[in-house]
Amino acid sequence: VNHVVVVGAGLAGVRTVEALRGRGFTGRITLLGEERHRPYDRPPLSKAVLKGEADTSFVDTDLHVMEVDFRPGVSAKSLRAGVVETTEGELRYDGLVIATGAEPIRLPGDGHQHVLRTLDDAHELRAVLVPGARVVVIGAGWIGAEVATAARRADCAVTVVESAATPLATAVGTGIGARTLPWYDGIDLRLGTMVESVDEGGVRLVGGEFVEAHVVVTGIGVRPAIEWLAGADIDLHNGVVTDEHLRASLPGTVAVGDCAAWWSRRWRTRLRVEHWDTALNAPEVAAATLLGEEAVYDPVPYFWSEQFGHMLQYAGHHPAGERLVYRGEPEGKWSAVWLTEGDTLAAVLAVDRPRDLVQGRRIIEAGHRLDVERLVDPQVSLRDC
Ligand code: FAD
């Protein structure tokens with residue numbers, strides 16, 4: 001491999017560059033980034049940046065020292081074998097890294113809707129979260145809950161509209177979601193409510209009601225940013241399809257981060273995980289694969305969320321679990337664990353219980369059985385169950 005083109009200058013893209021250089025690759029690297037910023041971390045955007053505690057979250061890396069030809073503001077428009085068509089002409093490659101991440105889904109309507117994906121989005125939103133502002137957040141998932149946290153803290157009048165029966169329902173189910181309901185104190189939380197459109201001055205609900213708003217934030221999820229690959233000879237299905245080595249179907253190509261749907265040996269299914277830990281760690285495997293080395297990406301997926309003063313941490317893959325067991329009461333610090341038929345651990349969600357997360361992740365990796373009677377006692381540490 002002489003020339004690697006990395007498309008997407010987010011965390012997964014820049015980490016792949018670092019991994020390539022770390023493995024001794026001395027050839028040319030071109031890094032294309034649609035945004036004009038150098039690579040930055042997104043988790044702080046809905047936390048420190050939105051709260052005004054930080055203005056940026058740049059990744060601590062030196063593209064110059066790594067001799068990378070970084071092209072900010074340049075997008076890939078299409079792909080054919082060996083050639084990326086960009087907004088600034090054609091680029092030939094012999095190794096390709098697809099790291100284009102994901103993009104927010106928007107709702108119909110002519111009204112202005114904020115989304116929160118980029119640093120620019122975060123600054124735009126922060127400027128309008130002022131005391132007394134009427135803010136409607138659409139979606140009570142991870143992003144919606146974090147935005148609602150920041151908006152309430154900024155003394156806005158906050159309404160959260162969610163189509164499911166509880167917050168976080170799509171992500172972790174309504175049982176866990178119901179435990180977070182008291183956190184929405186002081187927020188007008190409308191559950192089981194669908195938005196029809198975002199119009200001038202507010203939000204039109206299905207059924208006709210109009211909810212007035214100065215600020216509307218849509219947080220209903222993202223989709224993999226793979227439109228530019230539509231005409232390419234590459235397998236796409238809910239992202240760029242890869243094997244366990246993160247190799248895509250087009251020769252000389254790997255995919256990493258939010259846009260990659262990789263085969264997991266551990267869970268015997270294809271996973272696409274839109275979380276920071278994947279963008280951080282998958283690149284090491286992708287770089288090895290691109291350089292012809294043998295490496296497999298098969299993590300116990302991990303993520304966290306900070307909302308309403310609580311730290312939520314998740315590890316595992318709960319669709320592999322049959323039974324949900326709680327450790328601790330909803331008012332205090334608690335965890336939820338998903339068990340398989342054979343009483344091994346499929347996933348853990350820890351609320352203000354970081355030890356359960358750390359121990360749970362190790363237990364999932366080891367794959368040993370748990371004693372359910374001990375498990376329900378939050379005083380017994382997970383590793384002793
Ligand atoms: P991205 O970060 O999306 O980077 C992809 C880059 O590619 C983008 O800069 C994009 O502009 C560029 N690009 C797209 N298309 C093209 C193209 N055609 N040509 C050139 N460039 C292109 N995860 C957690 O685990 N915990 C959290 O608390 C958490 N909080 C988050 C808060 C927010 C507000 C957001 C948005 C995400 C959060 N995440 C969190 C998720 C985490 O940030 C993502 O999983 C991670 O950013 C994925 O990295 P990536 O490099 O794959 O994609």
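**Figure 1. Arg268 in the loop between β19 and β20.** In this predicted model, Arg268 belongs to the loop that links β19 (260-264) with β20 (269-271). The residue is not a glycine, yet its phi is positive, near 50°. Arg268 has a relative accessible area of 67%, and because the cut-off for exposed is over 50%, Arg268 counts as exposed.

**Figure 2. Asp352, a residue with positive phi in the loop before α8.** Here the view moves to the loop between β25 (345-351) and α8, where Asp352 is found. Asp352 is not a glycine, but its phi is positive, at about 60°. How accessible is Asp352? Its relative accessibility is 21%, which makes Asp352 partly exposed, since buried means under 20%.

**Figure 3. Gln359 within helix α8.** Helix α8 covers residues 354-366, and Gln359 has its place there. With a relative accessibility of 8%, Gln359 counts as buried. Setting aside residues up to four places away in sequence, which residues does Gln359 touch? They are Ser381, Leu382 and Arg383.

**Figure 4. Tyr302 in strand β21 and its contacts.** Tyr302 sits in strand β21, which runs over residues 302-307. It is buried, and its relative accessible area is 14%. Not counting residues up to four places away in sequence, Tyr302 touches His275, Asp277, Gln313, Tyr314, Ala315, Leu357 and Arg361. For a sense of distance, take His237: this residue and Tyr302 are 65 residues apart in sequence, and their C-alpha atoms are 23 Å apart in space.

**Figure 5. Helices α1 and α7 cross obliquely.** Two packed helices are described by the angle between their axes and the distance between the axes. For helix α1 (residues 11-22) and helix α7 (residues 276-290), the axes come within 8 Å and cross at roughly 40°. The pair is therefore oblique, as an angle under 35 degrees would be needed for roughly parallel. The crossing of α1 past α7 is right-handed. On the α1 side, the residues that meet α7 are Leu11, Ala12, Arg15, Thr16, Ala19 and Leu20. Their partners in α7 are Trp276, Ala279, Leu280, Pro283, Glu284, Ala287 and Leu290. Sorted by class, this contact has 10 nonpolar residues, one polar residue and two charged residues.

**Figure 6. Val97 in strand β7, with contacts that include residues of α1 and α7.** Val97 is found in strand β7 (residues 95-98). Is Val97 buried or exposed? At 0% relative accessibility, Val97 is buried. Leaving out residues up to four places away in sequence, Val97 touches Val4, Val5, Val6, Val7, Thr16, Val254, Val256 and Leu290. Two of these names return from the previous view: Thr16 of α1 and Leu290 of α7 are among the residues where those helices meet. Val97 can also be related to Leu246, 149 residues away in sequence, with a C-alpha to C-alpha distance of 9.9 Å.

**Figure 7. Ser75 in the loop between β3 and β4.** The loop shown here lies between β3 (69-72) and β4 (76-80), and Ser75 is part of it. Although it is in a loop, Ser75 is buried, with a relative accessible area of 14%. Apart from its neighbours within four places in sequence, Ser75 is in contact with Glu34, Glu85, Thr86 and Thr87. The C-alpha atoms of Ser75 and Gly239 are separated by 18 Å, and the two residues are 164 residues apart along the chain.

**Figure 8. Phe210 in strand β14.** Strand β14 spans residues 210-212 and includes Phe210. Phe210 has a relative accessible area of 30% and is partly exposed. Its contacts, leaving aside neighbours within four places in sequence, are Asp199, Glu200, Gly201, Gly202, Val203 and Arg204. From that list, Asp199 is 11 residues from Phe210 along the chain, and 9.2 Å separates their C-alpha atoms.

**Figure 9. The whole protein, with nine helices and 25 strands.** The protein has a radius of gyration of 22 Å, close to the 21 Å that the globule rule gives for 385 residues, so it is as compact as a globular protein of that length. Taken along the principal axes, its C-alpha atoms fill a box of roughly 55 × 55 × 35 Å. Of its 385 residues, 55% count as buried. Among contacts with a separation of 6 or more, 61% join residues 24 or more positions apart.

Conventions. Residues are numbered from 1 along each chain as its sequence is written. This is a predicted model: local features need pLDDT of at least 70, side-chain atom pairs count only at pLDDT 80 or more; totals for chains, interfaces and linings use all residues. Side-chain values use heavy atoms; hydrogens and water are left out. Helices (H or I, at least four residues) and strands (E, at least two) are DSSP runs, numbered from the N terminus. Buried means under 20% relative accessible area, exposed over 50%, partly exposed in between (1.4 Å probe, protein chains only). Contact means heavy atoms within 4.5 Å. Axes are lines fitted to C-alpha atoms, for helices over the stretch in contact, and angles run from 0 to 180 degrees between N-to-C directions. Angles under 35 degrees count as roughly parallel, over 145 as roughly antiparallel, 65 to 115 as roughly perpendicular and the rest as oblique. A crossing is left-handed if the near helix is turned anticlockwise from the far one by less than a right angle, and right-handed if clockwise. Ala, Val, Leu, Ile, Met, Phe, Trp, Tyr, Cys and Pro count as nonpolar, Asp, Glu, Lys and Arg as charged, and the others, Gly among them, as polar. The radius of gyration is taken over C-alpha atoms; the globule rule is 2.2 Å times the number of residues to the power 0.38.
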